[in-house]
Amino acid sequence: YAHSRARAGLGTAGHEAMTNATANSSFRVSVWPSDSSRLDVTEWSRDQWKDFGEGCLYVVLSFAFFRILQYIVRWYLFGKCYFRTFSYFAFRRRAGSERNPAADSTTLSAIPPNKKWRICNEIVSLIHAGVSGLWAGYSILFYQDIIKDMIGFRHPVIVNLIFVSTGYLLHDLLDLLINERSERVIELLFHHVVVLTAFATTQTSGLFLGVVIFGLLMELNSVFLHSRSLLNLYGFNKKSTAFKMVALLNMITLLVFRLGVSLYLMYWLFTDCFFRRWYLIVPCFFVIVSLFCTNSTLAYRVMAADGWFGKKRARHSSSRSTEEENGGAVVDDEEKSSEEDEDEEADVPIGVSVTRPDDQQLMPNGHSTTVAA
């Protein structure tokens, strides 16, 4: 009750009542006021600075964890921590280069550097999606007051999820800026900016935690979305049972946890949030509408790729086009095959020759020779 009065902005007395009530409870809801004085760092108390420092520490630890996890995955799968990347914006063939379909391979040792990075990035994203999605689901199931008060309710268990996800987003943002060289980076950067805006808003204002947690519930779909992308990167046949099961679960969770949650947040925005003050409406409108648009676009791309709109728009596993539903970029093999072959040749150490599936040997000088039968 004291928490609700303080969140309603009833002044200093309400804030003191909230502080006294939470001090005697089994957990701390919040000790910061919800008015503009929270943004004035010159008036912060010692407890407020302590909470701020703890939050920054959790974000740094989360960022470090996912960075280290990325290097562990790279080393475990490919035996190296860094990959050379190339730009997908410029498709230039070297003089005399020809497409060699026999060079296509899904073995780990023959995957080009940029594709190796994408595999590792998808695996780390898959791990975060599983952790944050289950954490968000747990928060909604066991702290149901967050559904009744999506603006004012706070709990340290739920707030810690924001810190963990903020660290991951900063890691992934840095990883994209360093390694991603395709048009999809624009969409992914926009998505990260939207989510980081939501995180920053709820942490600086002390409000909208329920909206953010419902947004993180969408990560339950990301588990199957990243799994589907990994199957595509490894060239799984779309007619196989494993791919069909993952695609089916991906579509079901996409409809429930992405489109369903987006529609619920849109309903809440127009029936509840629009009756709040204007400075509360603006960030909610930007985040919720942006997520609704990106999720609708994502649903269309996934459905088209799975053949829901006809076979002409479906993407087949026989093609080596790199399909990334998270950003929607599709790279044609005819345009990048020579660059991938060149990267494969450049990975050969000096003094070592590697035989490809087409009975050609890759030499360190960038040339290939045919091996006699």
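This is a short talk on the helices, salt bridges and surface of one protein chain.

Hello everyone, and thanks for coming. Before anything else, please keep in mind that what you have in front of you is a predicted model.

Let me start with what the record tells us. UniProt, in an unreviewed entry, places the feature "transmembrane region" at residues 57-77, 123-143, 155-178, 246-266 and 278-303. How do two of those stretches look in the model? Take residues 155-178: here the chain is 96% helix and 0% strand, with 35 Å between the end C-alpha atoms. Residues 246-266 are 100% helix and 0% strand, and their end C-alpha atoms are 28 Å apart.

Now let's walk along a couple of helices. Helix α7 has 22 residues, and from its first C-alpha to its last it reaches 32 Å, close to the 32 Å expected at 1.5 Å a residue. Several of its residues are buried, among them R184, L188, H192, V195, F199 and T202. Here is a general point to hold on to while you look at that list: an α-helix has 3.6 residues a turn, so residues three or four places apart point the same way.

What comes after α7? The helix is followed by G206, whose phi is positive, near 75°. A little further on is F208, in the loop between α7 (184-205) and α8 (209-216). F208 also has a positive phi, near 65°, and it is a residue other than glycine. Is F208 buried or exposed? With a relative accessible area of 5%, F208 is buried, because the cut-off for that is under 20%.

The other helix to follow is α11, residues 278-305. It has 28 residues and reaches 40 Å from first C-alpha to last, close to the 40 Å expected at 1.5 Å a residue. Just after α11, G307 takes a positive phi of about 85°.

While we are in this part of the chain, a word on two cysteines. C284 counts as buried, at 4% relative accessibility, whereas C293 counts as partly exposed, at 42%. And how many disulfides are there in the whole structure? A search finds zero.

On to the salt bridges, which I enjoyed tracing. A search of the whole structure finds four of them. Let me take you through three.

We begin with R74 and D175, where the closest N and O atoms are 3.2 Å apart. This pair links distant parts of the chain: R74 sits in helix α3 (residues 46-78) and D175 in helix α6 (residues 156-179), 101 residues apart. Both R74 and D175 are buried.

Next come E187 and R301, whose side chains meet in a salt bridge at 2.8 Å, N to O. E187 lies in helix α7 and R301 in helix α11, so this pair ties together parts that are 114 residues apart in sequence. Those are the two helices we have just walked along. E187 counts as partly exposed at 35% relative accessibility, and R301 counts as partly exposed at 24%.

Then there is D306 with R228, their closest N and O atoms being 2.3 Å apart. D306 is in the loop between α11 and β1 (322-323), while R228 is in helix α9 (residues 219-233), and the two are 78 residues apart. Which partner is buried, and which is partly exposed? D306 is partly exposed, with a relative accessible area of 25%; R228, at 0% relative accessibility, counts as buried.

One more thing on this topic: R67, R74 and D175 are joined into one network by salt bridges that share partners.

My last stop is helix α10, residues 241-271, where L255 is found. L255 counts as partly exposed, at 41% relative accessibility. Together with L248, L249, I252 and V256, L255 forms a nonpolar patch on the surface, and these residues have about 410 Å² of accessible area together.

F243 has its place in helix α10 too, but F243 counts as buried, at 2% relative accessibility. Where is L231 relative to F243? The two are twelve residues apart in sequence and 7.1 Å apart in space, C-alpha to C-alpha.

That's the tour. If you open the model afterwards, you could begin with E187 and R301, the pair that joins α7 and α11, and then turn to the nonpolar patch that includes L255. Thank you for listening!

Terms used. Residues numbered from 1 in each chain as written. Predicted model: local features only at pLDDT ≥ 70, side-chain atom pairs only at ≥ 80, totals over all residues. Heavy atoms only, no water. Patch = residues over 30% accessible without salt bridge, like charges linked within 9 Å, V, L, I, M, F, W, Y side chains within 5 Å. Areas by Shrake-Rupley, 256 points an atom, 1.4 Å probe, with all protein chains shown as cover. Salt bridge = Lys/Arg side-chain N within 4 Å of Asp/Glu carboxyl O. Helix = DSSP H or I, 4+ residues; strand = E, 2+ residues; numbered from the N terminus. Buried < 20%, exposed > 50% of the residue type's maximum accessible area, 1.4 Å probe, protein only. Expected span 1.5 Å × (residues − 1). UniProt positions renumbered as here; feature names shortened; annotations may be inferred. Disulfide = S-S within 2.5 Å.
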